Amino acid sequence: MGRITLDKVRKSFGEVEVIPPLDLTIEDGEFVVFVGPSGCGKSTLLRLIAGLEDVSGGEIRIDGQDATMVPPAKRGLAMVFQSYALYPHMSVRKNIAFPLRMAKMDAAEQERRVKAAADVLNLTDYLDRRPGQLSGGQRQRVAIGRAIVREPAAFLFDEPLSNLDAALRVGMRLEISELHKRLKTTMIYVTHDQVEAMTMADKIVVLRAGHIEQVGSPLELYRNPRNVFVAGFIGSPKMNLVDGPIAASHDAATIGIRPEHIRVSDEAGDWLGKVGVSEHLGSDTFFHVTCEGISEPLTVRVGGEVDLRYGDKVWLSPDPDHLHRFDDKGLRIA
Amino acid sequence: MAPAVFLLLVWMLVPLCMTLWFSLRDYRPLRGGDLGFVGLENFARFVSSSSFWPAVLTTVLIVGGVLLVSIIFGVLLAMLLDQPMWGQGIVRILVIAPFFVMPTVSALVWKNMFMDPTNGVFAHIWRAFGADPVVWLTDVPILSLILIISWQWLPFATLILLTAFQSLDSEQLEAAEMDGANPLARFFFIALPHLSRAITIVILIQTIFLLAVFAEIFVTTGGAFGTRTLTYLIYQRVLESQNVGLGSAGGVYAIILANIVALFLMRIVGKNLDR
């Protein structure tokens with residue numbers, strides 16, 4: 001079981017309030033991703049849940065029990081750190097068994113659980129090595145193994161993939177998702193990478209300056225961002241945001257249009273622009289198009305076969321069904 | 001480069017060669033002068049002398065005692081200094097200060113201002129509690145010397161251990177905390193293994209210097225009350241007994257001993273750089 005409820009949780013470091021009162025419920029078995037730009041308080045929030053930081057106010061409940069003042073070890077949560085935080089002088093086996101040893105579990109049971117974890121994570125051949133002799137991905141798996149053996153109520157991941165190279169990151173992303181499907185344990189995952197958030201989460205929590213901007217499933221956030229911040233943060237490449245007279249003509253302070261919702265034509269359309277840099281991904285091509293009356297270049301996503309050159313003139317037309325409109329406070333207009 | 005190497009040769013090799021040369025000769029400056037070549041007789045006589053084994057024991061006691069005190073208190077002090085506190089910079093400089101005091105001076109200060117049985121600070125404290133003052137340098141000479149020398153070397157150990165503490169990844173400690181390790185377990189399972197290399201280096205460097213401790217003994221007990229270390233024995237052989245040959249043989253033993261320790265030191269430091 002792992003239902004975690006935050007009730008008006010607050011955190012300040014001295015005078016600085018990092019997290020203003022915040023409410024959030026994480027259901028049992030959910031994969032929740034905290035995402036936001038650096039310094040938005042997502043790691044702090046995770047550390048509050050873990051108990052590594054003390055809350056300045058409010059209440060944290062785990063499975064209905066007040067855990068606000070419970071020390072980290074007693075909360076039944078396991079954490080995977082960004083630096084992996086493996087114990088360098090211990091073998092992989094001892095690293096994984098460490099929490100069991102601290103819990104004074106008997107040796108046979110320790111061995112059984114370490115074996116089981118190593119099986120799940122493909123670490124059986126490495127049990128007698130030191131962390132220093134492992135690759136980044138293997139270290140990450142040891143850190144996860146150390147978390148699994150405790151059979152925690154929830155797993156906490158603090159940017160676990162940011163030290164890995166791009167290829168490995170995609171692989172580990174899948175492995176963690178796979179693990180979640182298999183264990184069905186609550187997982188809270190902190191990242192600044194919205195791709196990780198979109199691909200892994202059941203529920204995304206978008207944070208900015210300690211505030212929750214929006215909570216929802218990845219596609220909910222993608223399709224119906226509640227405000228300009230979420231609209232600009234979720235999605236890659238970013239949503240095009242246009243203000244000024246063009247937005248006013250749609251009765252909004254700002255309008256947003258995703259790169260894939262812009263039609264490109266060399267004959268007619270709403271906006272005339274000049275092609276700038278193009279990024280060819282093979283399957284898709286992203287064009288950066290500078291249009292008259294729009295300050296920022298627009299990103300347009302087209303199929304890989306479209307052939308446009310630097311400096312070419314094109315007509316762009318936003319798909320009216322997928323146009324997002326925001327008022328002068330940045331909130332979505334329904 | 002050449003002048004520097006030349007200087008180094010003159011400074012290091014000439015005394016070394018002279019020591020080796022004298023160790024093979026019966027040379028007593030005030031009792032007949034250079035009496036010729038005697039082979040390895042000096043080496044045999046130095047170790048078979050009745051003062052040799054007691055001197056070895058004293059050396060081991062003092063070196064071991066100082067190491068024990070400076071490591072244990074060094075770890076504790078480093079842990080304290082690693083905590084964030086007001087005036088951290090000044091406190092750290094003050095902690096290092098004893099290292100800059102000359103050994104002769106600090107030993108004299110300890111002897112006359114702290115351990116003096118009539119006017120010393122300790123004597124006053126003892127009397128304040130109605131106890132008889134301890135005559136430190138006569139009654140517990142080795143303990144007194146360990147105290148004086150430790151006071152000088154504790155800052156060095158603290159400094160090295162402090163930097164080791166600072167390089168300890170705080171996420172490791174947090175991970176251990178989440179894993180259910182109490183503060184004591186965190187110290188023994190995480191912090192101490194992390195410090196092990198720094199501790200080894202402190203032990204080896206200090207051993208090399210502690211084997212050569214001289215001024216502290218010279219100005220306090222003058223080698224009396226069983227405080228004659230190997231180094232002090234060599235000094236007495238050369239200058240008090242005026243037997244340069246015998247003293248030089250002792251000196252050669254000391255060189256070999258220091259080099260064995262230095263060898264271990266270099267291997268460990270070398271390993272440290274590899275990682």
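The exercises below, each with a worked solution, concern a predicted model.

**Exercise 1.** Work out whether A:Val289 is buried or exposed, and state which residues A:Val289 touches.

*Solution.* Begin with the secondary structure, where A:Val289 is found in strand E15 of chain A, which covers residues 284–291. Next, apply the cut-off, by which a residue is buried if 20 or more other C-beta atoms lie within 10 Å of its own; because A:Val289 has 26 C-beta neighbours inside 10 Å, it counts as buried. Finally, setting aside residues up to four places away in sequence, list the residues that A:Val289 touches, among them A:Gly273, A:Val275, A:Leu298 and A:Leu316.

**Exercise 2.** Determine which strands stand at the edges of the open sheet with the order E2-E1-E4-E5 in chain A.

*Solution.* First, note that this open sheet has 4 strands with antiparallel pairing. Strand E2 (16–26) and strand E5 (65–66) of chain A each have a single partner strand, so one side of each is left without a neighbour in the sheet, and these two stand at the edges. Then follow the pairing of E2(A) with strand E1 (residues 4–13) of chain A, which is antiparallel and runs over 7 bridges, with A:Ser12 standing opposite A:Glu17 in E2(A). Lastly, add helix H1 (residues 42–50) of chain A, which packs on the sheet by touching E1, E2 and strand E4 (57–62), its direction making about 115 degrees with that of E1(A).

**Exercise 3.** Identify which element gives the most residues to the largest nonpolar core.

*Solution.* Start from the core itself, which has 129 residues, with A:Val33 one of those having the most contacts inside it. Helix H8 (residues 141–166) of chain B gives the most to this core, namely 11 residues.

Definitions and conventions. Residues numbered from 1 in each chain as written. Chains lettered and ligands numbered in written order. Predicted model: local features only at pLDDT ≥ 70, side-chain atom pairs only at ≥ 80, totals over all residues. Core = buried A, V, L, I, M, F, W, Y, C linked by C-beta atoms within 7 Å. Buried ≥ 20, exposed ≤ 12 C-beta atoms within 10 Å, placed from the backbone. Contact = placed C-beta atoms within 7 Å. Pairing = 2+ DSSP bridges. Axes fitted to C-alpha atoms, helices over the stretch in contact; angles between N-to-C directions.
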